[in-house]
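Below is a short set of questions and answers on one protein model. Each answer works toward the name or value asked for.

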Amino acid sequence: MAFERACALDEIQADKALAVTLGRYDLAIARDGDEVFAIEDTCSHAEVALSEGEVEQTDGGCQIECWLHGSMFDLRTGKPTNFPATEPVATFPVDVRGTDVFVDTETTLNGVTPA
Ligand code: FES
């Protein structure tokens, strides 16, 4: 694993993901309280940045909404929870070290190969 610094923890708003480019991947970094998630920043339905959508607490956990057609993606699994998206986006390992967020883009947590 090769964790790289992605951002400071306080750069991530509660209701909005932070867009970060790390290595060759564009990431959307979001938080649910003290827990931080890094997902591929491209909707699996079309070439739209998920980081431009809102992060919401739902009954099913913390999700990010694609602004274009409204699919919600579970930040833990990367899976869409409603149509029109049907394919998951990649999720990456995150390590919070003090006030900084590190992400490993050499592997994915859910086995999805980033686009
Ligand atoms: S582009 Fe994201 S749901 Fe259609």
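**Arg31, the three-stranded sheet and the annotated span**

In this predicted model, a polar atom of the Arg31 side chain lies 2.9 Å from the backbone oxygen of Gly33.

Q: Which other backbone oxygen lies 3.1 Å from a polar atom of the side chain of Arg31?
A: Arg31 is found in strand S3, residues 25-32. Besides the oxygen of Gly33 at 2.9 Å, its side chain has a polar atom 3.1 Å from the backbone oxygen of Leu9.

Q: What is the nearest side chain of opposite charge to Arg31, and how far away is it?
A: Arg31 is buried, yet it has no salt bridge. A salt bridge would need a side-chain nitrogen within 4 Å of a carboxyl oxygen. The nearest side chain of opposite charge is that of Asp34, at 4.0 Å.

Q: Which strands are the edge strands of the open sheet S1-S10-S9?
A: The three strands of this sheet pair in the antiparallel sense, and the twist from one strand to the next averages 30°. An edge strand pairs on one side only, which here applies to S1 (3-8) and S9 (94-97).

Q: Which residue in S10 is the bridge partner of Val96?
A: S9 pairs with S10 (residues 100-104) over four bridges, in the antiparallel sense. For Val96, the bridge partner in S10 is Val101.

Q: How far apart are the end C-alpha atoms of residues 4-103?
A: An unreviewed UniProt entry annotates residues 4-103 as "domain: Rieske". The span is 46% strand and 0% helix. Its end C-alpha atoms are separated by 5 Å.

Technical notes
Residues numbered from 1 in each chain as written. Predicted model: local features only at pLDDT ≥ 70, side-chain atom pairs only at ≥ 80, totals over all residues. Heavy atoms only, no water. UniProt positions renumbered as here; feature names shortened; annotations may be inferred. Helix = DSSP H or I, 4+ residues; strand = E, 2+ residues; numbered from the N terminus. Pairing = 2+ DSSP bridges. Axes fitted to C-alpha atoms, helices over the stretch in contact; angles between N-to-C directions. Buried < 20%, exposed > 50% of the residue type's maximum accessible area, 1.4 Å probe, protein only. Lys, Arg positive; Asp, Glu negative; His and termini not counted. Polar contact = N/O pair within 3.5 Å; in protein donor to acceptor, adjacent residues only side chain to side chain.
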